[in-house]
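Grab a pencil and work through a few exercises on how the parts of a protein chain meet. Try each task before you read its solution.

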Amino acid sequence: MNIAIVGATGNVGRKTLEVLEKKELEIDNLYLVASSRSAGIKIKFRGKEYEVEELDSFDFSKAKIIFFAAGGKISEKFAEKASKNSLVIDNSSFFRMDPDVPLIVPQVNSEDLDSIKKNIIANPNCSTAQLVIALKPLHDLFVIKRVVVSTYQSVSGGGKAPMDELIEQTKFVLDGKKIVSKNFTKQIAFNAIPHIDKFSDSGYTKEELKMTNETKKILDDKIDLTATCVRLPISISHAESVNIQFEKPFSLEKVRSALENFEGCKVIDERVDGGYATPLDAEGKNETFISRIREDKTIKNGLNLWIVSDNLLRGAALNAVEIAETLIKNNYYGK
Ligand SMILES: NC(=O)c1ccc[n+]([C@@H]2O[C@H](COP(=O)([O-])OP(=O)(O)OC[C@H]3O[C@@H](n4cnc5c(N)ncnc54)[C@H](OP(=O)(O)O)[C@@H]3O)[C@@H](O)[C@H]2O)c1
């Protein structure tokens with residue numbers, strides 16, 4: 001198996017390497033691709049050093065599976081070309097709502113892979129991926145009517161540069177120095193910014209609309225979802241406060257048991273000090289953690305949850321690699 005990672009030097013690219021390193025997947029040739037800024041630098045993988053190649057001159061036909069993790073503009077420009085002879089798994093938002101491109105969380109909707117039309121598979125937005133993995137077993141049992149979600153998202157969701165800036169800003173605040181935000185619309189250190197991605201005419205941000213549209217595409221078009229997405233000074237992992245209204249009545253025991261038994265979910269929910277998962281607890285872990293499970297008695301069939309997951313893993317690299325594993329398991333290597 002020959003694999004390429006476009007954007008190999010970024011947050012998601014490096015995480016993809018970490019995930020592949022731990023998997024048993026046999027890799028004959030690995031190609032690491034990025035911009036001219038990092039061409040020539042060396043990255044270690046399974047004990048061997050690989051030199052980063054420049055995207056503009058990379059021959060895509062060398063790889064059977066190509067992970068794209070370099071942003072929407074790069075996917076727009078290069079993914080279709082790469083998909084002529086290879087399978088593209090794209091982390092950007094560019095193809096997610098394309099009806100000919102399946103948007104996949106393998107545990108939730110791997111059957112949608114049957115509808116591949118152009119050798120491109122989209123990986124969902126990080127906030128959506130962790131949400132649908134917790135919603136799926138509950139939707140199967142009690143039928144979700146409406147979801148209200150507020151997110152508490154880490155800076156790593158914006159890439160490596162915002163992560164570095166959070167550290168720099170924090171030091172500056174502690175040293176009493178003046179801050180000029182470069183990757184955020186306001187100071188992020190010791191703050192909360194209710195704005196991720198661009199504003200749409202409706203007043204919702206694109207990040208919020210992605211959560212609505214992607215949940216419908218992955219899980220069920222009939223689910224109504226409204227979101228407020230907030231960036232916090234957290235390095236890694238996104239948390240979500242989720243209010244769900246079901247069509248059918250439920251019991252907390254059945255909710256808990258459905259979540260406990262669903263692949264990829266882990267319930268940590270004790271009603272004592274510290275009996276819940278936080279972003280730091282989720283960092284580096286593959287599971288989506290579910291805590292604070294309780295009934296919302298202000299609406300009919302209402303439930304409240306707290307969901308936390310490592311955005312670079314479930315929200316990106318791990319999910320992308322699991323898509324590749326699913327394709328390989330089904331002997332699907334493209335049209
Ligand atoms: N972070 C998350 O939680 C997350 C979750 C889901 C999806 N995604 C998506 O995944 C993608 C990557 O995000 P990230 O967080 O990894 O970003 P990042 O840390 O900023 O990394 C960007 C990567 O893209 C490369 N790149 C940038 N411009 C390029 C160009 N002109 N030609 C070739 N390579 C170029 C960079 O290479 P250089 O080192 O050469 O600059 C770097 O390897 C984005 O589409 C993002 O929306 C991210």
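The exercises below use a predicted model and go from domains to interface to ligand.

**Exercise 1. Work out which residues make up each domain, and how many residues each gives to the contact.**

Solution. Start with the assignment: domain 1 is made of two pieces, 2-124 and 316-329. Domain 2 is one stretch, 127-311. Next, take the centres over C-alpha atoms; they sit 25 Å apart. Finally, look at who touches whom: domain 1 puts 17 residues into the contact, and domain 2 puts in 19.

**Exercise 2. Find how much area the two domains bury, and which residues of domain 1 lose the most.**

Solution. Between them, domain 1 and domain 2 bury about 1500 Å². Now split that by atom type: 62% of the buried area is on carbon and sulfur atoms. Then go residue by residue on the domain 1 side, where Asn11, Gln107 and Val108 lose the most area to domain 2. Together these three account for 38% of what that side buries.

**Exercise 3. Sort out the polar side of the interface: how many salt bridges cross it, and how many residue pairs are in polar contact?**

Solution. Begin with salt bridges, where the count across the interface is one. To see the rule at work, take the side chains of Arg96 and Glu214: their N to O distance is 3.1 Å, and the cut-off is 4 Å, so the pair counts as a salt bridge. Polar contacts come next, with seven residue pairs across the interface.

Which elements supply two or more residues on the domain 1 side? Those are α3 (106-109) and α9 (313-329). Of that side, α3 gives the largest share, three residues. By type, the domain 1 side has nine nonpolar, five polar and three charged residues.

**Exercise 4. Describe what surrounds the ligand, and which atoms its oxygens meet.**

Solution. Count the surroundings: 27 residues, with Thr9, Asn11, Val12, Ser35 and Ser38 the closest. Then check distances from ligand oxygen atoms:

- a polar backbone atom of Val12, at 2.8 Å;
- an N or O atom in the Arg37 side chain, at 3.0 Å;
- a backbone N or O atom of Gly71, at 3.4 Å.

Definitions and conventions
Residues numbered from 1 in each chain as written. Predicted model: local features only at pLDDT ≥ 70, side-chain atom pairs only at ≥ 80, totals over all residues. Heavy atoms only, no water. Domains from an automatic or database assignment. Contact = heavy atoms within 4.5 Å. Buried area = accessible area lost by both parts, 1.4 Å probe. Polar contact = N/O pair within 3.5 Å; in protein donor to acceptor, adjacent residues only side chain to side chain. Helix = DSSP H or I, 4+ residues; strand = E, 2+ residues; numbered from the N terminus. Nonpolar A, V, L, I, M, F, W, Y, C, P; charged D, E, K, R; others polar. Near = heavy atom within 4 Å.
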